[in-house]
Amino acid sequence: MKKILGLKKKHFIILIVSLCSVALIAEGILLAHTFADKKDKDKKTSKVTATPTIDSEEEALRESLDEEAAEEVRHCIEIALAPIETYDEMEAALGDATDYVKVFSLINAGLQYYRDLPAMHKVLTDVYADKLDKGDFFKSEKYKNSEYIITVKLPEKPKDAMTVKGTWKEK
C-alpha cells in the first residue's frame, strides 16, 4: 500500500477524523463563549426597545449556526468517503446512477439514511456520537422545519472522487 507523506492509510484516516473532532470541539467552545457574551450584554443593557434588535441578531446567529452545522455534516460525509470501505459501500449503494442521488437528509429530528450504509454510519457515529440522532438539531426559526438534503454523485472519471452536495428544502 502506498504511503502518503510517510503515513499509512489507517493513520491518515485517523488524522482526518481527529481534525474533524477538533473542529467540532472548537466550534462548541466558540458557541459557548458567544452565547455567554450575549447574556452578559443583555444584563447590562436591559432596554425594552432593544429587544427586537437582539431577537433578530440572535435569530441571524442561529441561522448561521444551523447553516454551518449542516455544511459540516456534509463535509464530514465527504471526508468519510476517503477510506476504501466506505467508498466501496457508497459506490454499491449508488449503483449505476449517473446523476446525484439522495442519500441523506438532515432534519430537525436528526440524520436520515436513504441507503443501507453501515460503514458510513459507524464513521459518523464515531465523529458525532449520538448528536445526529437526538433531534432538535436546528435552532433557528428559518431552518427548524427545513430539510438539508445530502446527495452523492459517482465520479465521471475513474480517478476522480465522488461529489457530495447539500441543498436546503423547506418542508
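**Exercise 1. Work out what share of the longer-range contacts in the protein chain join residues at least 24 apart.**

Step 1: Take contacts, meaning heavy atoms within 4.5 Å, between residues at least 6 apart in sequence.
Step 2: Of these, 67% join residues at least 24 apart.

A quick word on the ground rules: this is a predicted model, where local features need pLDDT of at least 70 and side-chain atom pairs count only at pLDDT 80 or more, while totals for chains, interfaces and linings use all residues. Residues are numbered from 1 along each chain as its sequence is written, and side-chain values use heavy atoms, with hydrogens and water left out.

**Exercise 2. List the elements of the protein chain in order from the N terminus.**

Step 1: Count 4 helices and 4 strands; these are DSSP runs numbered from the N terminus (helices: H or I, at least four residues; strands: E, at least two).
Step 2: Put them in order and you get α-α-α-β-β-α-β-β.

**Exercise 3. Find how much of the protein chain is buried, and how much surface is accessible.**

Step 1: Buried means under 20% relative accessible area (1.4 Å probe, protein chains only), and 30% of the 171 residues make the cut.
Step 2: The accessible surface, from the Shrake-Rupley method with a 1.4 Å probe, comes to about 11,100 Å².
Step 3: Carbon and sulfur atoms own 57% of that surface.

**Exercise 4. Describe the largest cavity and its lining.**

Step 1: A cavity is a set of points on a 1 Å grid over the protein atoms alone where a 1.4 Å probe fits but cannot get out. The structure holds 2 of them at 30 Å³ or more.
Step 2: The largest has a volume (the space filled by probe spheres set on the points, joined across faces, edges and corners) of about 80 Å³.
Step 3: Lining residues have an atom within 4 Å of a point; here they include F12, I16, C76 and V123.
Step 4: Two or more residues each come from α1 (9–44), α2 (51–80) and α4 (118–128), with α1 giving the largest share, 5 residues.
Step 5: Sort by class (nonpolar: Ala, Val, Leu, Ile, Met, Phe, Trp, Tyr, Cys and Pro; charged: Asp, Glu, Lys and Arg; polar: the others, Gly among them), and you find 12 nonpolar, no polar and no charged residues.

**Exercise 5. Do the job again for the second largest cavity.**

Step 1: Its volume is about 60 Å³.
Step 2: Y113, H121, T125 and D133 are among the lining residues.
Step 3: β2 (110–113) and α4 each supply at least two, and α4 has the largest share, 3 residues.
Step 4: The class tally is 5 nonpolar, 2 polar and 1 charged.

Definitions and conventions
On a 1 Å grid over the protein atoms alone, a cavity is a set of points where a 1.4 Å probe fits but cannot get out, and a pocket is an open set with protein on both sides within 12 Å along at least five of seven lines; lining residues have an atom within 4 Å of a point. Buried means under 20% relative accessible area, exposed over 50%, partly exposed in between (1.4 Å probe, protein chains only).
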